[in-house]
Amino acid sequence: MNISEINQYENLGLIAKQLVDGFITGLHKSPYHGFSVEFAEHKRYNYGESTRHIDWKVYARTDKLFTKQYEEETNLRCRILLDNSPSMHYPAPEKDKLRFSVFAASALAYLLVKQRDVVGLSVFSDKLESETDQRSTKDHLNSLLIALSRLKSQNPKGKTNIPRVLHRIANKSEKRSLVVIFSDMFQNENEEELFKALQHLKHNKHEVILFHVSDHRSELQFDFKDRPYKFIDMETNESIKVNPWELKESYQKAMSSFYQDLKIKCGMMKVDLIPVNTEDSFHKVLSAYLIKRRRMQ
């Protein structure tokens, strides 16, 4: 399910539930991703361990041994960071990068609480706009969903200053956490400051997933009709009139260079960089989270 298919719904809690339930239904086909209301997930059985928690139903279906992994074995702390700067409100109100990130963050928070993990939300632009504690209760989840729902109708504020926010999160978070970032990574600060901030998170023992959100058609491919356009910077309001075909090749090279540099630097710091298109399925986000979560156990 992608953003075009869920825009008809208004209740963010219902959207998150549908996204996660659909995702889990698909995972049932693989015992590595076993899921139940009684426990968090499965892990491969190692011979010599107690057989007390072996899931015999999975064994009957797959002829492989898996054990149920309970809350105290899997508890995770997660902080979701959501970029609410003006550039995230591109390209259109119903299909912008912020709306995609709101839906993805909602589904992820729902899945975390369902897994009995603790989750907190931080919304930022050039500063930290709002922040919640990290908890795992249903009331807390409802509060997060309400806060996320309000973002869909807010006007963008400020510019982008990702390093400032990441440094603050790194300084405040004493316990090791999974930090999940939704951002287009467009900012006015020096790129080296951004990488220093990511390194600060890693230095403080946090694991990081960076979902690089973009509208691939226009922002990466620069796919516009052959006619004059007026392009407006959403953060500075500066504008330029140009025919896209005049600079398409140079633009694509610049964006490719930007992404490759980001990919290399994140790889060096062991930050999981996941490119996501606003037209992608939200299952891509949830799958990336589960893969990361398993590595942290």
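**Salt bridges in close-up**

A search of the whole structure, a predicted model, finds 17 salt bridges. The views below take up some of the residues involved, then one further residue pair.

**View 1. Glu192 and Lys265 form a salt bridge.** The closest N and O atoms of Glu192 and Lys265 are 3.3 Å apart. Glu192 lies in helix α8, residues 191-203. Lys265 lies in helix α10, residues 248-269. The pair therefore ties together parts that are 73 residues apart in sequence. Glu192 has 41% relative accessibility and counts as partly exposed, because buried means under 20% and exposed means over 50%.

**View 2. Glu193 pairs with Lys196 in a salt bridge within helix α8.** Here the closest N and O atoms are 3.6 Å apart. Glu193 and Lys196 are three residues apart in the helix, so about one helical turn separates them. Glu193 is partly exposed, at 31% relative accessibility. Lys196 is also partly exposed, at 49%.

**View 3. Lys292 and Asp272 meet through their side chains in a salt bridge.** The N to O distance is 3.4 Å. Lys292 sits in helix α11, residues 283-296. Asp272 sits in strand β10, residues 272-277. The pair links distant parts of the chain, 20 residues apart. Lys292 is buried, with a relative accessibility of 4%. Asp272 is buried as well, with a relative accessible area of 18%. Both count as buried because each value falls under the 20% cut-off.

**View 4. A network of salt bridges includes Lys292 and Asp272.** The linked residues are Arg176, Lys202, Glu207, Asp272, Lys292 and Arg295. Lys292 and Asp272 are the buried pair of View 3, with 3.4 Å from N to O.

**View 5. Arg168 and Ala197 are 9.1 Å apart in space, C-alpha to C-alpha.** In sequence, 29 residues separate Arg168 from Ala197. Arg168 is found in helix α7, residues 162-172. Its relative accessible area is 44%, so Arg168 is partly exposed.

Note on methods
Residues are numbered from 1 along each chain as its sequence is written. This is a predicted model: local features need pLDDT of at least 70, side-chain atom pairs count only at pLDDT 80 or more; totals for chains, interfaces and linings use all residues. Side-chain values use heavy atoms; hydrogens and water are left out. A salt bridge is a side-chain nitrogen of Lys or Arg within 4 Å of a carboxyl oxygen of Asp or Glu. Helices (H or I, at least four residues) and strands (E, at least two) are DSSP runs, numbered from the N terminus. Buried means under 20% relative accessible area, exposed over 50%, partly exposed in between (1.4 Å probe, protein chains only).
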